[in-house]
Every structure is written in C-alpha cells, then in structure tokens.
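Here are some notes for you to read alongside the model. Take them one point at a time, with the structure open next to you.

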Amino acid sequence: MTTPLSIGQARNIVEKLRNSMIRDECRGCECLQGVLVQIEIHASQDVTDITGPLKVPLGQMHSCLGCDPCPPAEIFGRICRPVKL
C-alpha cells in the first residue's frame, strides 16, 4: 500500500519526468508511459490533465531504451514506496 499522491506531488513528478527526457525517443518509452499511469493510479484525485500532455497513443509506444540509469524507473520507485503502518 502507498500514500496517495496529492495534485501538487503529481505535478512535481510530471515536471521531473518532462525534464528527464533527453531524447525525442524518450516520449514514447514504455518506462515513461508506465510511470504516467502509475501516477494516475496513486493520485488522490483525477490527474489526467497533468499526465495527459506527456502520454502518447499505444501505437507510438516502444520498448525500454535501456537507459542507465532510467529516470522514470527511479521516479517510479519513489512513487511506490510502501507506507509504514
């Protein structure tokens, strides 16, 4: 279980994702697109207006580019940190 993301946290994460894209190909990477979906799942409210501008149609997605480190994966790890009960 994770703590729901606030609207502000979702905006902050999406801005970090936007700034982490170093190549045009980053936009369609399954890593980035997966994190956008995770943000929507973990948000306390509808954030599709925040994530939507970075989303691409399924036909434009491609497999992981193998970036090391993978910025979306690092951000994903921070989003899905377990809640201490």
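1. Let's start with the second largest pocket, which holds about 170 Å³ of space. Keep in mind that this is a predicted model. The pocket is lined by 15 residues, and those nearest its centre are S20, C26, C67, P71 and P72. Two elements, α2 (30-42) and α4 (71-79), each give two or more residues to the lining.

2. What sort of residues line this pocket, by class? There are 13 nonpolar residues and two polar ones, with no charged residues in the lining.

3. P72, one of the residues nearest the pocket's centre, deserves a second look. P72 lies in helix α4 and, at 10% relative accessibility, is buried, because the cut-off for buried is under 20%. Go along the chain to I13, 59 residues away, and you'll find the C-alpha atoms of P72 and I13 separated by 9.6 Å. I13 is itself one of the buried residues of α1.

4. Now for α1 as a whole, which covers residues 7-20. Its 14 residues should span 20 Å at 1.5 Å a residue, and the end C-alpha atoms are indeed 20 Å apart. The buried residues of α1 are I7, A10, I13, V14, L17 and S20. Why do they sit on the same side of α1? Because they cover an arc of only 150 degrees around the axis. As a general point, an α-helix has 3.6 residues a turn, so residues three or four places apart point the same way.

5. Helix α2 gives a similar check on length. It has 13 residues and reaches 18 Å from its first C-alpha to its last, close to the 18 Å expected. Its buried residues are C31, L32, Q33, V35, L36, Q38, I39 and H42.

6. How many salt bridges does the model have? The count comes to three. One of them sits inside α1, where both R18 and E15 lie, three residues apart, about one turn of the helix. The closest N and O atoms of R18 and E15 are 3.0 Å apart. Neither partner is buried: R18 is partly exposed, with a relative accessible area of 33%, and E15 is partly exposed too, at 36%.

7. Another salt bridge pairs R23 with E25, and here the closest N and O atoms are 3.8 Å apart. R23 is partly exposed at 40% relative accessibility, and E25 also counts as partly exposed, at 43%.

8. The side chains of E40 and K55 also meet in a salt bridge, at 2.9 Å from N to O. This pair links distant parts of the chain: E40 is in helix α2, while K55 is in the loop between α3 (48-51) and α4, with their positions 15 residues apart in the numbering. E40 counts as partly exposed at 22% relative accessibility, because buried would need a value under 20%. K55 is partly exposed as well, with a relative accessible area of 32%.

9. Last, take a look at the backbone between D68 and P69. Is the peptide bond there cis or trans? A cis peptide bond joins D68 and P69, with omega at about 5 degrees. You'll find P69 in the loop between α3 and α4.

How values were computed:
Residues are numbered from 1 along each chain as its sequence is written. This is a predicted model: local features need pLDDT of at least 70, side-chain atom pairs count only at pLDDT 80 or more; totals for chains, interfaces and linings use all residues. Side-chain values use heavy atoms; hydrogens and water are left out. On a 1 Å grid over the protein atoms alone, a cavity is a set of points where a 1.4 Å probe fits but cannot get out, and a pocket is an open set with protein on both sides within 12 Å along at least five of seven lines; lining residues have an atom within 4 Å of a point. Grid points are joined across faces, edges and corners, and a volume is the space filled by probe spheres set on the points. Helices (H or I, at least four residues) and strands (E, at least two) are DSSP runs, numbered from the N terminus. Ala, Val, Leu, Ile, Met, Phe, Trp, Tyr, Cys and Pro count as nonpolar, Asp, Glu, Lys and Arg as charged, and the others, Gly among them, as polar. The expected span of a helix is 1.5 Å times one less than its number of residues. Buried means under 20% relative accessible area, exposed over 50%, partly exposed in between (1.4 Å probe, protein chains only). A salt bridge is a side-chain nitrogen of Lys or Arg within 4 Å of a carboxyl oxygen of Asp or Glu. The arc is that of the directions from the helix axis to the C-beta atoms.
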